[in-house]
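Reader: Please take me through one part of this model closely. I would like the sheet and the helices that pack on it.

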Amino acid sequence: MLKVGIIGAAGYAGAELMRIVLRHPEFDLHVATSNSDAGTPVAHLYPAFQGATDLAFSRHDDPAVYECDLVFMATPHTVAMKSAPSFLEHGITVIDLSADYRLRNKDVFEAWYKVEHTSPELLERACFGQPETHPEEMARAAAEYAAGKAVLVACAGCYPTATSLAAAPGVPFSQGVIVVDAISGVTGAGRTANGRTHFCSANENFEAYGVGSHRHTPEIEQILGIEGRLVFTPHLAPASRGLLSTVTLQLTEEARGMDLGDFRRRYEEAYAASPFVTVLPEGQQPKTSSVVGTNRAHVGVALNPTTNCLIATCAIDNIVKGAAGQAVQCANLVLGLAPDTALTLVANPS
């Protein structure tokens, strides 16, 4: 059993991590931190954990963290860049759910996040944690871990995950601007409410935000290799969980002769090795209700022959495949475990 710590365990992604880690056959949840909830039993803040754990939240600087073999960082950006170097120096593998190490270019990070990166020397070392689109990064991380090194994994964000899974197999056949319209449940904004996510604002309301300026833009461009081609517009939905990303790709003239069956085969081949990504049958489109509570991603593809466009859509749970579940999937791969260990749940079919 590996001793596991969760830094930022009181947030939505952190709580989901606890739920997964507690049922993981190889993990022992050793410490769960939250500066604002330190001293509070986990089961008091989240009664769902009654009978599952008697841990209480401790502060981020709890010395018990350094007794761990692996830590998950479910914290806002800037926290991991300050803490990860010390964890790695102590031989502790870090799975980071924040944006701190996702972008390879320090200047790009600082331009979009408006803060100085305090450990840029780790940007090249970090392995990008989106297993379906970057399996070579996971293989590199696993090889380093097997060689006895502490590993740093920078997990992809929720919007970039759904968008890249929808778009990646189609990008080689595309040209020009790629348009992404994505919609997420309110948990994607974090546990602390603001003017947009307060119940009275979010209920019965759909709203675009971060139009032309959302921080996930450069990450999506980096994943797909489409720098300068992305128009990304996120939306907030009056739902707790779930994320749906719809990608419109203008096809090349060479791709005009391909039919929907050709594209579906490309998608099926791309995700044949993934236990989590399902390419839906022709004529069927993804629904968030089919994946909420799971690490699964459903992808649907359609053609608009009049405009010569491919429309690809992906549904995920923003807190699971978009955060905690993907982090555990990455950890499994680093450790040489089956990728679906502790992640085999099927969504509620109702």
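Author: Two strands count as paired if DSSP finds at least two bridges between them. In this predicted model, 3 bridges join strand 4 (residues 93-96) to strand 6 (residues 152-155). The two strands run parallel. Within this pair, Ile95 stands opposite Val153 of strand 6.

Now the whole sheet. It is open, has 6 strands and follows the order 2-1-3-4-6-5. The pairing is parallel. Strand 2 (27-33) and strand 5 (127-129) stand at the edges. Each has a single partner strand, so one side of each is left without a neighbour in the sheet. From one strand to the next, the twist averages 20°.

Next, the helices. Helix 5 (residues 135-146) packs on the sheet. Helix 5 touches strand 1 (2-7), strand 4, strand 5 and strand 6. Its direction makes about 125° with that of strand 5. Helix 10 (residues 320-335) packs on the sheet as well. Helix 10 touches strand 1, strand 2, strand 3 (70-73), strand 4, strand 5 and strand 6. The direction of helix 10 makes about 155° with that of strand 3.

The two helices also meet each other. Helix 5 and helix 10 pack at an angle of about 50°, and their axes are 7 Å apart. Angles outside the parallel, antiparallel and perpendicular ranges count as oblique, and helix 5 and helix 10 are therefore oblique to each other. From helix 5 come Met138, Ala141, Ala142 and Tyr145. They meet Cys330, Leu333, Val334 and Leu335 of helix 10. By class, this contact has 8 nonpolar residues, no polar and no charged ones.

Note on methods:
Residues are numbered from 1 along each chain as its sequence is written. This is a predicted model: local features need pLDDT of at least 70, side-chain atom pairs count only at pLDDT 80 or more; totals for chains, interfaces and linings use all residues. Side-chain values use heavy atoms; hydrogens and water are left out. Helices (H or I, at least four residues) and strands (E, at least two) are DSSP runs, numbered from the N terminus. Axes are lines fitted to C-alpha atoms, for helices over the stretch in contact, and angles run from 0 to 180 degrees between N-to-C directions. Contact means heavy atoms within 4.5 Å. Angles under 35 degrees count as roughly parallel, over 145 as roughly antiparallel, 65 to 115 as roughly perpendicular and the rest as oblique. Ala, Val, Leu, Ile, Met, Phe, Trp, Tyr, Cys and Pro count as nonpolar, Asp, Glu, Lys and Arg as charged, and the others, Gly among them, as polar.
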